[in-house]
Amino acid sequence: MIQRKPLPSAVKFTQLLNAVAKMKHFSCSLDLFKQMCAIGVPVDKYSMSIAIKCCCHLYRTNDGFALLASCFRRAVVPNVFVFNTLLDGLILEDRSVDAERLFKKLIKHKLCEPDVVTYNTVIKGLCKFGNNDIAIGLLRLMDERGCKPNVVAYNTIIDSLCKDKMIDDAFKLFNEMVFAKGIQPDVITYTSLIYGLCNLCRWDEVSKLLKEMEEDGLFRVGRCGDARKLFDEMRAAGQIPDEYTYGVILDGLCNNHQVEVALSLFHMVGDSKLNSHIVVYNILIEGASKCGELDTAKTLFHDITSKGLQPNVRTFNIMISGLCREGQLKEAKLLFHKMDESGCPPDSVTYNVLLQGYLRNKHFDDVEMLLHEMDGRGYSIDASTLSLLIHQIAAGSLDKRMVQLIGRLVPKELMDTPA
């Protein structure tokens, strides 16, 4: 680029600078910036902010300040992003006093209007050194200056309070966040509170919070990697989690594709009372089959009877669904017929699962027979099964005369749903 005549525009250089920085090649990005300056490429607040960010990532915040001074000399007005980057650099280098000083200077000299990132960065620095009272004061200042605190700001302070065993203050802030500010807690909020309660051996409240997390669906957002650690801490403290807590943790792990962790926890618990419920096997079998570990699911299924347990209709439905998903329709059919022999007759879900497996795998031989069986048992087809049946009839894969039979199996609520 440098050898081209004429030189490419400053925009092209800035784009290249940004691309190199995004690849985390911060030293290379700074070298490029120096070359730009050396050959007279005009720099603006964007290229300056990228260079300052690179300095801060390299723990060279002082160099970042030198570039800031250069901004003023070149009449380039730095924006809030630049100051946020410098604040974050100071926090990374554990220079929270300098960060506070810079923040106060921003406000006093009106260098820029702090945004939510500015406040969150300073709060992070204050909490890093246990300055919780000042952090809470900054939270109040945010509100006063019309910058609404978000869940990140509250989480940072709540986590710091929990680590300092100030759990009651943490819950006071939690209640303010939820009820006064209407900010929804996330899995990070709950995790901080749970560890705070664990440190103080307040186990009943741990179980209550875990229940809240499940009700809010927070174990399903991909952030439950600490669940095993929590379980271990409870056991180490001599507190045996109850069946509900154990089930919530296993379910959370499986829903986040951490089946191996869930299984290691299951094996660690061994023959204890916690593993004496079919619900535990259902959670693990479903988790394994959904993650493509069907052999593991089969092993667990076969282990059920040896543990003196009986599979219920949900256990069979989960296994049949897993077998159909992997195209193992012969085994799915055998298991389906085994249900009646085991004293656990198939329900409407079983038929829908098997039908969908047949239709998705283009196995049409038994479809009509299953539909007649459903009709005889008074069962209904669900929306997914109906959609697959209509598609295959339209494609000519199923006999059109089946439409009348299908019509009898469509529940009234589906018929009443507007198109």
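## Guided tour of an all-residue view

Of the 419 residues in the protein chain, 46% count as buried. The model is a predicted one. With the whole chain selected and coloured by secondary structure, 24 helices and zero strands appear. Among the contacts in the protein chain with a separation of 6 or more, 61% are between residues 24 or more positions apart.

**Stop 1: the loop between α1 and α2**

Select Lys-24, which is placed in the loop between α1 (10-22) and α2 (26-38). Its backbone merits inspection: Lys-24 is not a glycine, yet has a positive phi of about 65 degrees. Is the residue Lys-24 buried or exposed? Lys-24 has a relative accessible area of 62% and is therefore exposed, the cut-off for that class being over 50%.

**Stop 2: the loop between α4 and α5**

Proceed to Ala-75, found in the loop between α4 (61-73) and α5 (80-92). Here too a residue that is not a glycine takes a positive phi, and the value for Ala-75 is about 65 degrees. The relative accessible area of Ala-75 is 66%, so this residue counts as exposed.

**Stop 3: Ser-49 in helix α3**

Next, select helix α3 (residues 45-57) and, within it, Ser-49. Ser-49 is buried, because its relative accessible area is 6% and the class takes in values under 20%. Which residues should be displayed around Ser-49 to show what it is in contact with, leaving aside neighbours within four places in sequence? They are Phe-81 and Val-82.

**Stop 4: Arg-95 between α5 and α6**

Select Arg-95 in the loop between α5 and α6. With a relative accessible area of 23%, Arg-95 is classed as partly exposed. Once neighbours within four places in sequence are set aside, Arg-95 is in contact with Thr-61, Asn-62 and Leu-90. Now add Gly-125 to the selection: Arg-95 and Gly-125 are 30 residues apart along the chain, and their C-alpha atoms are separated by 8.2 Å.

**Stop 5: aromatic pairs**

A pair of aromatic rings is described by the distance of the centres and the angle of the planes. How many aromatic pairs does a search of the whole structure find? The search finds seven. One of them is formed by Phe-103 and Tyr-119, in an edge-to-face arrangement with 5.5 Å centre to centre and 70 degrees between the planes. This pair links distant parts of the chain, since Phe-103 belongs to helix α6 (residues 96-108) and Tyr-119 to helix α7 (residues 116-128), 16 residues apart. Both Phe-103 and Tyr-119 are buried.

Then select Phe-171 and Phe-174, an edge-to-face pair with 6.2 Å centre to centre and 80 degrees between the planes. Both residues lie in helix α10 (residues 167-180), three residues apart, which is about one turn of the helix. Phe-171 has 18% relative accessibility and so counts as buried. Phe-174, at a relative accessible area of 7%, is buried as well. Adding Tyr-190 to the display completes one aromatic cluster, formed by Phe-171, Phe-174 and Tyr-190.

**Stop 6: the nonpolar cores**

Keep Phe-174 on screen, for this residue leads into the largest nonpolar core, which has 68 residues. Which residues of that core touch the most other members? They are Ile-123, Leu-139, Ile-157, Ile-158, Phe-174 and Leu-193. Centre the view on Ile-157: not counting residues up to four places away in sequence, Ile-157 touches Ile-123, Cys-127, Ala-135, Ile-136, Leu-139 and Leu-173. Another core, of 58 residues, lies apart from the largest one; to locate this second core, select Ile-249, Leu-250, Leu-300 and Ile-320, which are among its members.

**Stop 7: helices α21 and α23**

Two packed helices are described by the angle between their axes and the distance between the axes. For the last stop, select helix α21 (residues 367-377) together with helix α23 (residues 402-409), which pack at an angle of about 35 degrees with their axes 10 Å apart. The crossing in which α21 passes α23 is left-handed. To display the contact, show Val-367, Glu-368, Leu-371, His-372, Met-374 and Asp-375 on α21, and Met-402, Leu-405, Ile-406, Arg-408 and Leu-409 on α23. Colouring the contact of α21 with α23 by residue class gives seven nonpolar, one polar and three charged residues.

Conventions: Residues are numbered from 1 along each chain as its sequence is written. This is a predicted model: local features need pLDDT of at least 70, side-chain atom pairs count only at pLDDT 80 or more; totals for chains, interfaces and linings use all residues. Side-chain values use heavy atoms; hydrogens and water are left out. Rings of Phe, Tyr and Trp (its six-membered ring) pair if their centres lie within 6.5 Å; planes under 30 degrees apart count as stacked, over 60 as edge-to-face and the rest as tilted. Helices (H or I, at least four residues) and strands (E, at least two) are DSSP runs, numbered from the N terminus. Buried means under 20% relative accessible area, exposed over 50%, partly exposed in between (1.4 Å probe, protein chains only). A nonpolar core is a set of buried Ala, Val, Leu, Ile, Met, Phe, Trp, Tyr and Cys residues joined through side-chain atoms within 4.5 Å. Contact means heavy atoms within 4.5 Å. Axes are lines fitted to C-alpha atoms, for helices over the stretch in contact, and angles run from 0 to 180 degrees between N-to-C directions. A crossing is left-handed if the near helix is turned anticlockwise from the far one by less than a right angle, and right-handed if clockwise. Ala, Val, Leu, Ile, Met, Phe, Trp, Tyr, Cys and Pro count as nonpolar, Asp, Glu, Lys and Arg as charged, and the others, Gly among them, as polar.
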